[in-house]
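Here is a colleague's note for someone opening this entry for the first time. Please keep the sequence and the model side by side while reading the points.

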Amino acid sequence: MGVGTVWVKDETGRLGLPAFKILGASWALWRMLTEEAGSHPPSASWDGLLELARRIGPRRLVTATDGNHGRGVARLASMLGWPCTVFVPLGTAPARIRRHRIGGGGGRGGRWRLRPSRPTGRRGPRRSDPAALLLSDTSWPGYEEVPVWVTEGYRTIFAELDEQLEDAGGDAPDLLVVQIGVGSLAAAAIEHYRGRVRLAGVEPIDAACVLASLRAGRIVNVPGPHRSLMAGLNCGTPSRTAWPLLRSHLDAVVAIGDEWLAPAIRWLGEAGIEAGETGAAGLAGLTALLGSDRARTVLDVGPDTSVVVLCTEGVTDPDGRRRLLGDEDDGESPDDDFGRPPGGDPALGDP
Ligand SMILES: Cc1ncc(COP(=O)(O)O)c(C=O)c1O
């Protein structure tokens, strides 16, 4: 690839789930419950969360997602013995839906509408569902506190990354490539690394809402349908709380089509990592970026550059993944694909 080192932060297994998202949900719930209880314990712990949940609960956890965040919230609820409702968009792969524990009504339309309840109950919960706690990983006007806490939880990844690189004898990375859905994960990376590490985001071409927003200079919505196999990244609007960080601190954003995924999945497989499509998007985005001279210049990439890509997800839709790899399996080594942009030049943003 013409760089020094490429490290992969493997997030294909986290608390028994195939993605990192429960890090955000669990930390946000901890913050919600400590606020509600008016207690300020010195540090977070699972036992502390259980104790708080016993005092305050039971509550219904509610969220909207097309995959991993909902699964993290559902797992959290089941660990606490609480009910949970997860709204998913029409068209979500059945395998992904089955892995949620869904109680109550699910989302029916292609677009969901959620009216936020008071997350902490300080002003009194909504009358229709007094026990509901809305735990969203994205924000909108009037719902901003919880998504910030979700982002705080994601920072665990980068704190670990620093330790793991040190243990592996690696230096701090020069460049981090991060998947972008609504941008909360990228915001966590920015909070951790800003000023120290160059940051590039990856989005699917038809859900490139951060790229479109950067070009417009304000948050814009990219209307669907968002059909990428990178299901976790199929988001039409950046999170309001993430946006100021994304706008000021991303060095580049690349939008890729699904045709970039198969070689990345195979490379990760050769390195012993069973990546799902969204998980492989980090490496796929890196290959797209490195195929562009302009991106190499913008990101100041050279033969000594140390890069970290995140593999944010394991296999969550085995049928879809098999189809992708089967269709693309031309018997060539993935190395033969490098530098050959499958769909023309990547759309490089230049914030
Ligand atoms: C596996 C995976 N990676 C990356 C992301 C992107 O995170 P964010 O939506 O915070 O940008 C998501 C979002 O759901 C995801 O599920």
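The numbered points below go from the overall make-up to single residues.

1. The model is a predicted one, and the remarks that follow should be read with that in mind. The secondary structure of the protein amounts to 13 helices and 9 strands. Of its 351 residues, 51% count as buried. Among contacts with a separation of 6 or more, 71% are between residues 24 or more positions apart in the sequence.

2. One open sheet is made of 3 strands, taken in the order 3-2-4, and the pairing is parallel. Strand 3 (84-87) and strand 4 (132-134) stand at the edges with a single partner strand each, so one side of each is left without a neighbour in the sheet. On average, and with direction ignored, neighbouring strands of this sheet are turned by 20° against each other. Strand 2, which covers residues 60-64, is joined to strand 4 by 3 bridges, and the two run parallel; within this pair, Val-62 stands opposite Leu-134 of strand 4. As background, strands of a sheet pair through backbone hydrogen bonds, in either a parallel or an antiparallel way.

3. A second parallel pairing links strand 6 (residues 198-204) with strand 7 over 5 bridges, and Ile-256 in strand 7 is the bridge partner of Pro-204. How many of the residues of strand 7 (residues 252-256) are buried? The count is 5 of 5, so that the strand is mostly covered. Both of its faces are covered, with Ala-252, Val-254 and Ile-256 buried on one side and Val-253 and Ala-255 buried on the other.

4. Helix 3 (68-80) deserves a careful look. Its 13 residues should span 18 Å at 1.5 Å a residue, and its end C-alpha atoms are 18 Å apart, which agrees. Because 11 of these 13 residues are buried, helix 3 is largely enclosed by the rest of the structure. The buried residues of helix 3 include Asn-68, His-69, Arg-71, Arg-75 and Leu-80, and what covers the buried residues includes helix 1, helix 2 (46-56), strand 2 and strand 3. The helix is followed by Gly-81, which has a positive phi near 75°.

5. Helix 5 (residues 145-167) has 23 residues and reaches 35 Å from its first C-alpha to its last, close to the 33 Å expected at 1.5 Å a residue. Its buried residues include Val-146, Trp-149, Tyr-154, Phe-158 and Leu-161. Among the elements that cover the buried residues of helix 5 are strand 1 (5-10), helix 1 (22-37), helix 6 (184-193) and strand 8 (306-311). Just after helix 5 comes Gly-169, with a positive phi of about 80°.

6. Arg-155 is also found in helix 5. Is Arg-155 buried or partly exposed? It is partly exposed, because 18 other C-beta atoms lie within 10 Å, where 20 or more would be needed for a residue to count as buried. When neighbours within four places in sequence are left aside, Arg-155 is in contact with Ala-188, Glu-191 and His-192. Arg-155 and Leu-23 are 132 residues apart in sequence, yet their C-alpha atoms are 8.6 Å apart in space.

7. The ligand is surrounded by 20 residues, and the closest are Gly-181, Ser-184, Gly-232, Thr-312 and Glu-313. Helix 3 and helix 6 each supply at least two residues of the shell around the ligand, and the largest share, 3 residues, comes from helix 6. By class, this shell has 7 nonpolar, 10 polar and 3 charged residues.

8. Some backbone details remain to be checked by eye. Most residues other than glycine have a negative phi, and most peptide bonds are trans. Leu-15, in the loop between strand 1 and helix 1, has a positive phi near 50° and is partly exposed, with 14 other C-beta atoms within 10 Å. Asp-300 lies in the loop between helix 11 (293-298) and strand 8, has a positive phi near 55°, and counts as exposed with 11 C-beta neighbours inside 10 Å. Gly-224 and Pro-225 are joined by a cis peptide bond with omega of about 0°, and Pro-225 has its place in the loop between helix 7 (209-216) and helix 8 (243-249).

Technical notes. Residues numbered from 1 in each chain as written. Predicted model: local features only at pLDDT ≥ 70, side-chain atom pairs only at ≥ 80, totals over all residues. Pairing = 2+ DSSP bridges. Helix = DSSP H or I, 4+ residues; strand = E, 2+ residues; numbered from the N terminus. Axes fitted to C-alpha atoms, helices over the stretch in contact; angles between N-to-C directions. Expected span 1.5 Å × (residues − 1). Buried ≥ 20, exposed ≤ 12 C-beta atoms within 10 Å, placed from the backbone. Contact = placed C-beta atoms within 7 Å. Near = placed C-beta within 6 Å. Nonpolar A, V, L, I, M, F, W, Y, C, P; charged D, E, K, R; others polar.
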